[in-house]
Amino acid sequence: MWSIMVLLSLVLSINVDVSNGGVTSVYVRNPEPSIDMPLEAFPSPPGFNAPEQVHITQGDQVGRSVIISWVTPIKPNPNFVRYWEKGHHKHMARAITTTYRYYNYSSGFIHHATIRRLKYDTLYYYALGHGSVTRRFSFKTPPPVGPDVPYTFGVIGDLGQTYDSNQTIEHTVSNPKGQAVLFVGDLSYADHYPFHDSRRWDTWARFVEKSTAYQPWIWTAGNHELDLAPEIEENVPFKPFMQRYHVPYMASQSTSPLWYSIKRASAHIIVLSSYSAYGKYTPQYRWLEGELQRVDRSETPWLIVLLHSPWYNSNNYHYMEGESMRVMFESWFVQSKVDVVFSGHVHSYERSERVSNVQYNITNGLSVPAKDPSAPIYITVGDGGNIEGLANNFTEPQPRYSAFREASFGHAILDIRNRTHAHYTWHRNQDSEPVAADSLWLYNRYYYPEEENTGASTMV
Ligand SMILES: *[C@@H]1O[C@H](CO)[C@@H](O)[C@H](O)[C@H]1NC(C)=O
Ligand SMILES: *[C@@H]1O[C@H](CO)[C@@H](O)[C@H](O)[C@H]1NC(C)=O
Ligand SMILES: *[C@@H]1O[C@H](CO)[C@@H](O)[C@H](O)[C@H]1NC(C)=O
Ligand SMILES: *[C@@H]1O[C@H](CO)[C@@H](O)[C@H](O)[C@H]1NC(C)=O
Ligand SMILES: *[C@@H]1O[C@H](CO)[C@@H](O)[C@H](O)[C@H]1NC(C)=O
Ligand SMILES: [Fe+2]
């Protein structure tokens with residue numbers, strides 16, 4: 001009923017507004033406030049100490065390992081996972097179990113089990129809990145890393161737990177294509193509540209379980225993961241996030257879970273932290289410098305970066321917040337021919353042209369983004385639907401670097417076909433799943449650096 005009301009309240013238009021830059025979609029979604037679903041909408045599953053908040057992510061560099069995480073609310077045991085292939089015997093892996101306190105909140109028992117030496121491209125089942133409170137799930141491992149291995153990623157950002165977030169998740173889950181999810185930061189928005197009410201981390205994890213228990217989500221930290229609250233003596237940045245979401249950072253020689261990389265099928269994915277130091281000589285700077293050298297395009301043609309705060313954003317919200325990181329690293333991205341950078345933070349959708357702004361040297365005045373065939377396309381998908389609502393105030397006129405922008409909630413799909421071609425689509429929540437509000441073919445920067453047709457290909 002609620003979604004029907006939203007649909008009726010939408011204002012549709014068939015015009016597009018073309019400035020000297022790209023396209024600003026004039027599809028207008030009524031900027032109603034986004035309301036969080038009630039705590040009661042996500043109770044613990046039935047049964048004493050039933051495992052809940054199940055989520056998986058890649059557990060190594062190449063996709064033969066999975067980290068399975070879950071929470072038991074009352075007792076730490078059982079703290080193992082059983083997993084098996086159909087018709088084969090069961091294996092068992094024990095978890096690392098932790099708890100944390102945040103102001104007056106005490107977490108349940110948080111378990112992280114890494115299961116290793118899995119077969120590629122294979123369906124696995126796994127079970128948590130025991131007796132009548134056993135819960136079963138499954139996932140499929142990726143094919144071996146290789147240059148022409150097709151693979152499809154969903155891309156989501158700034159999700160939160162509103163009724164709009166629910167639409168984003170329903171769309172993502174019902175889209176049969178996405179095999180893993182690239183998540184660009186800002187998960188639960190628990191910090192929106194007094195004392196950063198960590199119960200909202202629990203409800204969020206229950207809310208997304210229908211996706212995260214079956215598909216690996218690749219995690220990026222956003223500002224809403226900081227949970228810094230000196231007024232209640234919570235001074236450890238990223239505390240709930242890092243307790244709850246483990247990532248395989250050591251497998252990529254990183255010293256922090258906030259920046260790391262994985263390879264999956266034909267993609268090398270680098271995750272950066274917008275809210276950790278990245279100046280010269282910092283650990284993140286040094287790691288990225290080395291990591292870009294380790295990328296082997298003959299093995300993984302597609303080089304993808306995830307970071308929270310966008311470098312090319314023509315929205316008045318969070319305008320230029322990503323600028324200092326852009327200044328530090330953009331020339332490296334151009335030299336390394338990064339294919340695409342996904343960001344969140346700004347609660348709307350935007351896709352850039354292939355541009356760079358790396359010529360400026362204080363005295364030469366060359367400070368305008370210029371077309372650059374070696375540059376990534378920058379895509380902002382901070383449009384998962386969180387409680388802060390839409391960022392619907394774009395700068396005018398639309399700058400030339402901005403190819404397409406629209407203030408709507410949605411998610412994206414990156415469908416890698418082979419070493420040269422990937423099909424990219426963005427789906428707004430109000431459309432039925434097969435409709436793409438923005439789409440284009442991406443050409444690989446290393447193997448096929450041709451100019452793409454970046455014009456708005458499908459418009460309402
Ligand atoms: C935490 O403190 C707040 C504010 O005093 C209170 O409303 C809440 O009930 C407390 N929660 C717990 C678990 O004690
Ligand atoms: C979330 O969306 C699903 C599918 O439309 C619906 O069944 C469910 O009731 C929604 N959840 C809430 C809390 O509204
Ligand atoms: C800055 O760029 C200008 C023009 O490209 C060049 O002549 C000048 O030498 C550069 N300055 C420095 C310090 O590199
Ligand atoms: C949009 O942002 C600009 C610049 O921050 C501000 O001056 C203007 O008032 C904003 N407009 C609306 C409708 O919020
Ligand atoms: C790569 O995929 C694209 C899109 O499906 C296709 O047109 C192209 O022929 C493929 N290249 C090779 C070498 O198969
Ligand atoms: Fe953010």
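This is a short tour of the structure in your viewer, with a suggestion at each stop for what to select and what you will find there. Keep in mind along the way that the model is predicted.

**The whole chain**

Start with everything shown as a cartoon. You will see six helices and 27 strands in the protein. Turn the view around: along its principal axes, the C-alpha trace spans about 65 × 50 × 45 Å. How does the radius of gyration of the protein fit a compact globule? For 460 residues such a globule would have a value near 23 Å, and the protein has 21 Å, so the two agree.

Now switch on a surface. About 18,100 Å² of the protein is exposed, and carbon and sulfur atoms supply 55% of that area. Of the 460 residues, 61% are buried. The chain also brings together parts that lie far along the sequence: among contacts between residues at least 6 apart in sequence, 70% join residues at least 24 apart. If you colour by charge, there are 38 positive and 44 negative charges to find, and their mean positions are 10 Å apart.

**Stop 1: an open sheet**

Select β13, β14, β15, β25, β26 and β27. These six strands form an open sheet with mixed pairing, in the order β15-β14-β13-β25-β26-β27. Which strands sit at the edges? They are β15 (217-218) and β27 (438-443), each of which pairs on one side only.

Zoom in on the β27 edge. Its partner β26, residues 421-428, runs antiparallel to β27, and six bridges join the two. To see one of the facing pairs, show His421 together with Tyr443 of β27, which stands opposite.

As a reminder while you look at the ribbons, strands of a sheet pair through backbone hydrogen bonds, either parallel or antiparallel.

**Stop 2: strand β4 and its neighbours**

Next, select residues 66-72, which make up β4. How many of the residues of this strand are buried? The count is seven of seven. Show the side chains and look along the strand: Val66, Ile68, Trp70 and Thr72 point one way, while Ile67, Ser69 and Val71 point the other way. Residues on both faces of β4 are buried.

Add the two strands that pair with β4. Strand β3, residues 52-58, is antiparallel to β4 and shares five bridges with it. Glu52 is a handy marker here, standing opposite Val71 in β4. Strand β10, residues 109-115, also pairs with β4 in the antiparallel sense, over seven bridges. For this pairing, pick Val66 and its bridge partner in β10, Ile115.

**Stop 3: strand β24**

Move on to residues 402-406, strand β24, where five of the five residues are buried. Then bring in two of its partners and compare their directions. Strand β2, residues 23-25, runs parallel to β24, with two bridges between them. Label Val23 and you can follow it to Phe404, its bridge partner in β24. Strand β20, residues 349-352, is antiparallel to β24 and is joined to it by four bridges. Here, Ser352 stands opposite Ser402 of β24.

**Stop 4: two cis peptide bonds**

Now for some backbone details in the loops. Go to the loop between β4 and β5 (80-85), where Pro78 is found. The peptide bond leading from Asn77 to Pro78 is cis, with omega near 0°.

Then jump to the loop between β23 (377-381) and β24, which holds Pro397. The bond from Glu396 to Pro397 is cis as well, with omega near -10°.

**Stop 5: positive phi angles**

Finish with two residues that are not glycine but have a positive phi. Arg117 is in the loop between β10 and β11 (123-128), and its phi is near 50°. Is Arg117 buried or exposed? Its relative accessibility is 68%, so Arg117 counts as exposed.

The last selection is Glu233, in the loop between β15 and α4 (239-244). Its phi is positive too, at about 60°. Glu233 has a relative accessible area of 67% and is therefore exposed. From here you can follow the chain back to β15, one of the edge strands of the open sheet at the first stop.

Definitions and conventions: Residues numbered from 1 in each chain as written. Chains lettered and ligands numbered in written order. Predicted model: local features only at pLDDT ≥ 70, side-chain atom pairs only at ≥ 80, totals over all residues. Heavy atoms only, no water. Rg over C-alpha atoms; globule rule 2.2 N^0.38 Å. Buried < 20%, exposed > 50% of the residue type's maximum accessible area, 1.4 Å probe, protein only. Contact = heavy atoms within 4.5 Å. Areas by Shrake-Rupley, 256 points an atom, 1.4 Å probe, with all protein chains shown as cover. Lys, Arg positive; Asp, Glu negative; His and termini not counted. Charge placed at Lys NZ, Arg CZ, Asp CG, Glu CD. Pairing = 2+ DSSP bridges.
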